[in-house]
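Hi,

Here's the structure I promised to pass on. Have a look at it first, and then read my notes below.

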Amino acid sequence: MSVYRVIDVIGTSPASWEAAAAEAITTAGGSVRDIRVAEVTKQDIVVGDGGGLVYRTKIQLSFKYESE
């Protein structure tokens, strides 16, 4: 039997929602081991003062829980 933990992460990118999602997963993968599923739960865009766009993707990551 296995137990999985779920966390929320948000990635950002000036290019696209896909790039923001990839950034979130890649960055989280640096400190979370054994990521199994990434589910997009929300997407939005922040419009900067100069009109620049920042795409944000909120993701729920699940990974195998390791007891201490």
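Let's start with Asp34, which sits in the loop between H1 and strand E2 (35–47). Keep in mind that this is a predicted model. How exposed is Asp34? Its relative accessibility is 35%, so Asp34 counts as partly exposed, since that label covers values between 20% and 50%. Look at its backbone too: phi of Asp34 is near 65 degrees, which is a positive value in a residue other than glycine.

Asp34 also leads us to Ser62, because the two are in contact. You'll find Ser62 in strand E3, which covers residues 53–64. Is Ser62 buried or exposed? With a relative accessibility of 13%, Ser62 counts as buried, because the cut-off for buried is under 20%.

What does Ser62 touch? Leaving out residues up to four places away in sequence, Ser62 has contacts with Arg5, Val6, Asp34, Ile35, Arg36 and Val37. You could also find Glu39 on your screen: 23 residues separate Ser62 and Glu39 in sequence, and their C-alpha atoms are 8.6 Å apart in space.

Now for another serine. Where is Ser16? It lies in the loop that runs between strand E1 (4–13) and helix H1 (17–29). Its side chain has two backbone nitrogens to look at. That of Ala19 is reached by the Ser16 side chain at 3.0 Å, and the backbone nitrogen of Glu18 lies 3.4 Å from a polar atom of that side chain.

Try clicking through these residues yourself, and send me anything that puzzles you.

Cheers

Terms used:
Residues numbered from 1 in each chain as written. Predicted model: local features only at pLDDT ≥ 70, side-chain atom pairs only at ≥ 80, totals over all residues. Heavy atoms only, no water. Helix = DSSP H or I, 4+ residues; strand = E, 2+ residues; numbered from the N terminus. Polar contact = N/O pair within 3.5 Å; in protein donor to acceptor, adjacent residues only side chain to side chain. Buried < 20%, exposed > 50% of the residue type's maximum accessible area, 1.4 Å probe, protein only. Contact = heavy atoms within 4.5 Å.
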